[in-house]
Amino acid sequence: MLDVGSQKPPKGKWSTPPFDPRFPNQNQTPNCYQNFLDYHRCVKRMNRRGKSTQPCEYYFRVFHSLCPMSWVQRWTQQIQDGTFAGNI
């Protein structure tokens, strides 16, 4: 679930994320972080319900498009260590 580095992006068209009115400025750091959180919340919720995590694919694509991989790797390691500051 949390090994984002080993997950392969879904096959098919890989485009730039659409405009999100919550993040109108050029700085997309908050957008990156929010989609990372949304992905992990979605996966957690779907796993708890015993359903497919396929609907979470959107968030995965967005944060992989927006976030530097070094951030994703660091946040993933923090989640595994139990030191991640975000609320998942």
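Okay, a definition to start: when I say buried, I mean under 20% relative accessible area, with exposed being over 50% and partly exposed in between, using a 1.4 Å probe on protein chains only. By that rule C67, at 6% relative accessibility, counts as buried, and C67 will come up again.

Housekeeping next. This is a predicted model, so local features need pLDDT of at least 70 and side-chain atom pairs count only at pLDDT 80 or more, while totals for chains, interfaces and linings use all residues. Residues are numbered from 1 along each chain as its sequence is written, and side-chain values use heavy atoms, with hydrogens and water left out.

Let's go to the core. By nonpolar core I mean a set of buried Ala, Val, Leu, Ile, Met, Phe, Trp, Tyr and Cys residues joined through side-chain atoms within 4.5 Å. The largest one here has 15 residues, and those with the most contacts inside it are F36, Y39, C56, F63, C67, W75 and F84. Which elements give two or more residues to this core? They are α1 (29-49), α2 (57-66) and α3 (69-81). Helices, by the way, are DSSP runs of H or I, at least four residues, and strands are runs of E, at least two, numbered from the N terminus. It's α1 that gives the most to this core, with 7 residues.

Have a look at F36. Counting contact as heavy atoms within 4.5 Å, and leaving aside its neighbours within four places in sequence, F36 touches F63, V72, W75, T76, I79 and F84.

Now α3. This helix has 13 residues and reaches 18 Å from its first C-alpha to its last, close to the 18 Å expected at 1.5 Å a residue. That expected span is 1.5 Å times one less than the number of residues. Which residues of α3 are buried? V72, W75, T76 and I79 are. They cover an arc of only 100° around the axis, which puts them on the same side of α3; the arc is that of the directions from the helix axis to the C-beta atoms. Flip to the face turned away from that buried side, and you find the exposed residues Q73 and D81. Covering the buried residues of α3 are, among others, α1 and α2. And right after α3 comes G82, with a positive phi, near 80°.

On to the cysteines. A disulfide here is a pair of cysteine sulfur atoms within 2.5 Å, and by this rule the count comes to 2. Number the bonded cysteines of the protein chain in sequence order and the pairing reads 1-4, 2-3.

One disulfide joins C32 and C67, with the sulfur atoms 1.8 Å apart. The torsion about this S-S bond is about 120°, so the disulfide is right-handed. C32 sits in helix α1 and C67 in the loop between α2 and α3, so the pair ties together parts that are 35 residues apart in sequence. C32 is at 0% relative accessibility, so C32 counts as buried.

The other one joins C42 and C56, sulfur atoms 2.0 Å apart. Here the torsion about the S-S bond is about -85°, so this disulfide is left-handed. The pair links distant parts of the chain, with C42 in helix α1 and C56 in the loop between α1 and α2, 14 residues apart. Buried or exposed, these two? C42 is buried, and so is C56.

Last topic, the charges. I'm calling it a salt bridge when a side-chain nitrogen of Lys or Arg is within 4 Å of a carboxyl oxygen of Asp or Glu. How many salt bridges does the structure hold? There are 3.

R22 pairs with D20, the closest N and O atoms being 2.8 Å apart, and D20 is buried, with a relative accessible area of 17%. R41 pairs with D38, closest N and O atoms 3.8 Å apart. Both lie in helix α1, 3 residues apart, about one turn of the helix. R41 is partly exposed at 29%, whereas D38 is buried at 14%.

Then there's E57 with R61, at 3.5 Å from N to O. Those two both lie in helix α2, 4 residues apart, again about one turn of the helix. E57 is partly exposed at 26%, and R61 is buried at 18%.

That's my tour, thanks.
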